[in-house]
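Please go through the structure below in questions and answers, keeping to what can be read from the coordinates.

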Amino acid sequence: MAQQKILLGVTGGIAAYKTPELVRRLRDRGAAVQVVMTRSAARFVTETVLQAVSGHPVRTNLWDEQAEAAMGHIELARWADHVLIAPATAEFMARLAAGSAPDLLTTLCLATRAPLSIAPAMNHVMWDHAAVQANRECLQSRGVRILGPAEGDQACGETGLGRMVEPDAIAAALLADATLAGATVGSQPLQGRTVMVTAGPTREAIDPVRFVSNRSSGKMGYALAQAAAEAGARVVLVSGPVQRPVPQGLERIMIESAEELFAATHAHIDDVDIFIAAAAVSDYRPRRVESQKIKKTRAEMTLDFVKSPDILASVAKLASGPFTVGFAAETHKVREHALTKLAAKQLDMIIANEVGAGIGFEQDENAAHVYWRDGDQAFPLAHKSTLARALIELIAQRYNVGFGEDTAVELTALASRD
Ligand SMILES: Cc1cc2nc3c(=O)[nH]c(=O)nc-3n(C[C@H](O)[C@H](O)[C@H](O)COP(=O)(O)O)c2cc1C
């Protein structure tokens, strides 16, 4: 495996004193490390120490005339296979979320194509602040990987969620994770595959101003699409109406109704290897869509509904169709409904989760239980982006055991014919 080049950004949190140890742990795992510090970070740890442990000069200043004569910041941005910011202060997260670039480190973060991970560290009240959480969510939706923070004693004497994850755990997360974009090509389990993910709710029109819909926020589907892209896949995201940015590097097709979702799915399904149906599709739609707004003239009104097309079943039925993964979002008897759906629709896999007041839809965290024909696996409550990475890893494994093996045999046959 080629040596991983990690650009470590150190910002001005008390946990910066742990970064010499972090550099050592990254280098122990075979990585090359170059360090960039903010001005505040230099108050907590010295350049001299970080230079000694990394074996490279440490950069602190965007206006370094010697380095910038050769556009040093762009060179560094290109050099990195991965950018890691540890510790990441609340202030740094705000600058990154705003796309502001007043210093070397933020400029580098905008100028690099390398995947970005941050290990936030701050007082637990700061971490809980709505502004910090909004920035975390914004960064996460753009594909920034958030490592921690961890719970425990803090430098301020209090206890809570805000400690930087320990250096060894950061190094392990970064360098043992085969799904990281930027890892060697062979270690990306969905390299060369096309994955289609449907996400979000559908809207079924009643009249020009009203519709029937559901509480899906699209968070889980978008996180799965992002994780599939990180695992090396080309991703087509077919999305219902949600206010979410397009994750970097993905093709997104926006739809409104179940019928539009059906059409968009089948228009692009031919090239798809893995189909993940995370959209919350309305099972029924009004039989008739009024052409004018319905007036408030009657004391009661009744709407007549007809069944919407079953997109998941229609894809699973395709001759030589993709590996098909469904979702079962249920309020009760989750396992029973999931297994019935797996068999009835002849899916390759089903991801079951409980939804209801305060669980599943609209939440940042989720738990799931995955079933396939001869196995199952439980996934405990985790942030949806963490859960999505774990689910994609399992999907890739199952796909490679079944479908992937066939493809490998076909490819070998073709190669031997040559
Ligand atoms: C003693 C001390 C400890 C600090 N620790 C933290 C910390 O752990 N996390 C944090 O977000 N900010 C912390 N701050 C505040 C940051 O240093 C401050 O917001 C600074 O502007 C961050 O700049 P930077 O993000 O460019 O490094 C601390 C400040 C002081 C004086």
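Q: By class, which residues make up the shell around the ligand?
A: The model is a predicted one. In it, 14 residues surround the ligand, and the closest include Thr11, Gly12 and Gly13. Glycine counts as polar by the classes used here. Sorted by class, the shell has seven nonpolar, six polar and one charged residues.

Q: Which strands are the edge strands of the open sheet?
A: The sheet has five strands with parallel pairing, in the order β2-β1-β3-β4-β5. An edge strand pairs on one side only. That applies to β2 (32-37) and β5 (145-146).

Q: Which residue in β3 stands opposite glycine 9?
A: Strand β1 covers residues 5-10 and strand β3 residues 82-88. The two run parallel and are joined by four bridges. Opposite glycine 9, in β3, stands isoleucine 85.

Q: Which helix gives the largest share of the largest nonpolar core?
A: This core has 59 residues, and Val197, Leu224, Ala225, Ala228 and Val235 touch the most other members. Eight residues of the core come from one helix, spanning residues 219-230. That helix, with the largest share, is α10.

Q: With which residues is valine 197 in contact, leaving aside its neighbours within four places in sequence?
A: Contact here requires C-beta atoms within 7 Å. On that basis, the list for valine 197 is Gly221, Leu224, Ala225, Ala228, Val235, Leu237, Ile276 and Ala278.

Q: How many residues are in the other core, apart from the largest one?
A: Val83, Leu96, Ile170 and Leu174 are among the members of this other core. It lies apart from the largest core and has 48 residues.

Methods: Residues are numbered from 1 along each chain as its sequence is written. This is a predicted model: local features need pLDDT of at least 70, side-chain atom pairs count only at pLDDT 80 or more; totals for chains, interfaces and linings use all residues. A residue is near a molecule or strand if its C-beta atom, placed from the backbone, lies within 6 Å of it. Two strands pair if DSSP finds at least two bridges between them. A nonpolar core is a set of buried Ala, Val, Leu, Ile, Met, Phe, Trp, Tyr and Cys residues joined through C-beta atoms within 7 Å. A residue is buried if 20 or more other C-beta atoms lie within 10 Å of its own, exposed if 12 or fewer, and partly exposed in between; C-beta atoms are placed from the backbone. Two residues are in contact if their C-beta atoms, placed from the backbone, lie within 7 Å.
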